[in-house]
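Biologist: Could you bring up the model so we can go through it together?
Modeller: Sure, here it comes.

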Amino acid sequence: MGGFPSAGIHANQSAMKLGVCWYPEQWPEALWASDVARMAALGLRFVRIGEFAWSRIEPEPGHLQWDWLDRAVDLAHAAGLQVVMGTPTATPPKWLVDAHPEILAKGRDGQVRGFGSRRHYCFSSDVYLEQARRITRLMAQRYGEHPAVVAWQTDNEYGCHDTVVSTSDAARAGFRRWLAERYGSVAALNAAWGLSFWSQEYRSFDEVDAPFGTVTESHPAHRLDWQRYSSAMVERFNAAQVEILRAASPGRDIVHNFMGLFTEFDHFAVGRQLDVATWDSYPIGFLGQGPFTSAEKARYLRIGHPDLTAFHHSLYRACGRGRWWVIEQQPGPVNWAAWNPAPAKGAVELWGWEAVAQGAERMSWFRWRQAPTGQEAMHAGLNRPDNQPAAAWPEVAALAEGLARLGPLPKRGQADVALLFDYDSVWAVQSQPQGRDQDALAIAMAWHTAARRLGLSVDIVPPDADLAGYRLVLLPVQVVVDDGLAQRLSASGAQLLAGPRTGSKTRDFAIPPALPPDGLQALIDIRVARVESLPPGISLAVGNGGVVTGWMEDVEAGAGVAVQSRLDDGRGLWFAAGRAHYLAGGVDAGLLGRVMAEVASAAGLVVQDLGPDVRVERLGDLKFLFNYGPTAVDLPILPIIGSNPVPPAGVAIWREDA
């Protein structure tokens, strides 16, 4: 928790608490008392409130109207509900935009991103930063010591709607200051980026502009540093609110709600400022946007991909250093995807148990009641617009009853497998993909799926993580491998499996002097002499089965390195030396699974092919089975939660020896 105090009620809780996102400002006050009473009766224990309410809190500059929010918080408290209070900075009101139009962001195309939706501010704006501090301070002074308020959420979904990167005047000026601090002199910048290429050298930092709108592609190191700077502005913005909330509301957890399939800022860096990482889980909404085949999207249309939600659970567990929540959970069809199917019967309850198995402290559904107006009018809630229970209601009730039946839950321990995930590597691939369909996030998710299909437990970890205790470490796309990472990989004692592009760039985005995989050469004596990227529909056959698509490297191997697998054309694909293994190409799922199974077995792990639809998790002595497939699954044991056989979109939980 970064040395900051946390409310003990969260840190030591014995079961996942259930809650809901509540927007009393959008409904007649006559409904509020009934709302909170029905929430408590359903088994909910907290509400998230306030994160979009700035115009109701401050309808005119300096004219604060707290009375309605006071009454809502007091009603929740009287009903026994805890409150997660949101700061409303994601939605600056119209009067503020009119008074200070310079707070608005500009897109990559230079167009102002105006009022009429949300997230219409630029992270680089010092003017908006002070306004955000002001409203945060006022809210913290008002509710910081309220007995119902147990946590604060900063803002809402940083970066949603492509709002991390801005090209405003404030962003340009801030970027120049950031470069000066990072490089010290413009000569050092010219050298680091290699700007003698195409005569791009600068005489001063004031000459550096945004890397957009150029005739052809802009310099990749320039684009990468702009993304790094933009991420740093998100960190700055969040830190300003955290500082105020810690001082005015001691003992309360401070959280932020991250999103799925989103990599535009460094979530690990923001997470280090927080007590708890939370995220907004929409398994069906994300399925359509995710890197899945048409067949997968059809097969999992009403439940979500078997590994998509688990990937994010693990990622945000790492961002919270073990503490994490789902603060928004999909309860039905959403409004924002290209198409919005309804969940299968049982899916809402399954998603709840999946969070339990991954060690979540809290889960809340978005939202309490479906709104009849606005951009989210088609987004389902736990209640319909007529205030009658929606389809998710009985599944939430079943989850609450099941949690009560299980009683105190064990804590989740360290997994067998660590999968390194690095936001900087994602941006590096985006800056210079060398193959239009290269996608670092998609590759990391595919490796995560391969491990889970083998029945392995996986922790997603940042590149600076302590790797002690893991049996297998996976590096799907770790573009920079410095000496520190190489030393931690060596000291871990784990089997190591690295993918192509590992160690392919320095921190300044140059090809390493000794060639890729750079620092990994301390563990395996290989050099990447040449790379190629293949267009869709083209593949390279592998001698012992499988194919390579997308990316392939020509590797020179030193003495002591064994070639475990080759392409039909004779080029090496799988290289091994001691505990270190390197894949030089983008292999198909079947071949990746076979390689990973062999490396995991060498690590002493038990592997089994669970198939595409079934996934298992362990939480202490509790074993969970999730059925994402279309047919029932038989168990050799009678579960304490669920039925045998386990139906489609079903869950089974039983106890077994740890």
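**Barrel, helices and core**

Modeller: To start, helix α15 (residues 393–406) lies across β1 (17–21) and β8 (362–365), and runs at about 155 degrees to β1. Keep in mind that this is a predicted model.

Biologist: In what order do the 8 strands close into a barrel?
Modeller: The pairing in this barrel is parallel. From one strand to the next, the twist averages 25 degrees. Going round, the order is β1-β2-β3-β4-β5-β6-β7-β8.

Biologist: Which residue in β6 stands opposite N257?
Modeller: Look at strand β5 (residues 253–258) and strand β6 (residues 276–281), which run parallel and are joined by 4 bridges. Opposite N257, in β6, you'll find T278.

Biologist: What angle does the direction of α13 make with that of β6?
Modeller: α13 packs on the sheet, where it touches β5, β6 and β7 (324–329). Its own span is 17 Å from first C-alpha to last, close to the 16 Å expected for 12 residues. Against the direction of β6, that of α13 makes about 160 degrees.

Biologist: How many residues of α13 are buried?
Modeller: The helix is mostly covered. Polar and charged names turn up in the buried list too, including H312, H313, S314 and R317. The count is 12 of 12.

Biologist: Is R321 buried, exposed or partly exposed?
Modeller: R321 sits in the loop between α13 and β7. Its phi is near 55 degrees, positive even though the residue is not a glycine. Because buried needs under 20% and exposed over 50%, a relative accessible area of 36% makes R321 partly exposed.

Biologist: And E157, buried or exposed?
Modeller: E157 also isn't a glycine, and has a positive phi of about 50 degrees. You'll find E157 in the loop between β4 (149–153) and α7 (169–183). The relative accessibility here is 7%, so E157 counts as buried.

Biologist: Which helix gives the most to the largest nonpolar core?
Modeller: That core has 206 residues, and W193 and W353 touch the most other members. The top helix gives 12 residues, and its name is α9 (residues 220–248).

Biologist: Which residue does a cis peptide bond join to P516?
Modeller: Omega is about 5 degrees at that bond. The partner lies in the loop between β12 (495–498) and β13 (526–533). It is P517.

Biologist: What is omega for the peptide bond from N644 to P645?
Modeller: P645 is in the loop between β21 (622–627) and β22 (650–655). The bond is cis, with omega near 5 degrees.

Definitions and conventions:
Residues numbered from 1 in each chain as written. Predicted model: local features only at pLDDT ≥ 70, side-chain atom pairs only at ≥ 80, totals over all residues. Heavy atoms only, no water. Core = buried A, V, L, I, M, F, W, Y, C linked by side-chain atoms within 4.5 Å. Buried < 20%, exposed > 50% of the residue type's maximum accessible area, 1.4 Å probe, protein only. Helix = DSSP H or I, 4+ residues; strand = E, 2+ residues; numbered from the N terminus. Expected span 1.5 Å × (residues − 1). Pairing = 2+ DSSP bridges. Axes fitted to C-alpha atoms, helices over the stretch in contact; angles between N-to-C directions. Contact = heavy atoms within 4.5 Å.
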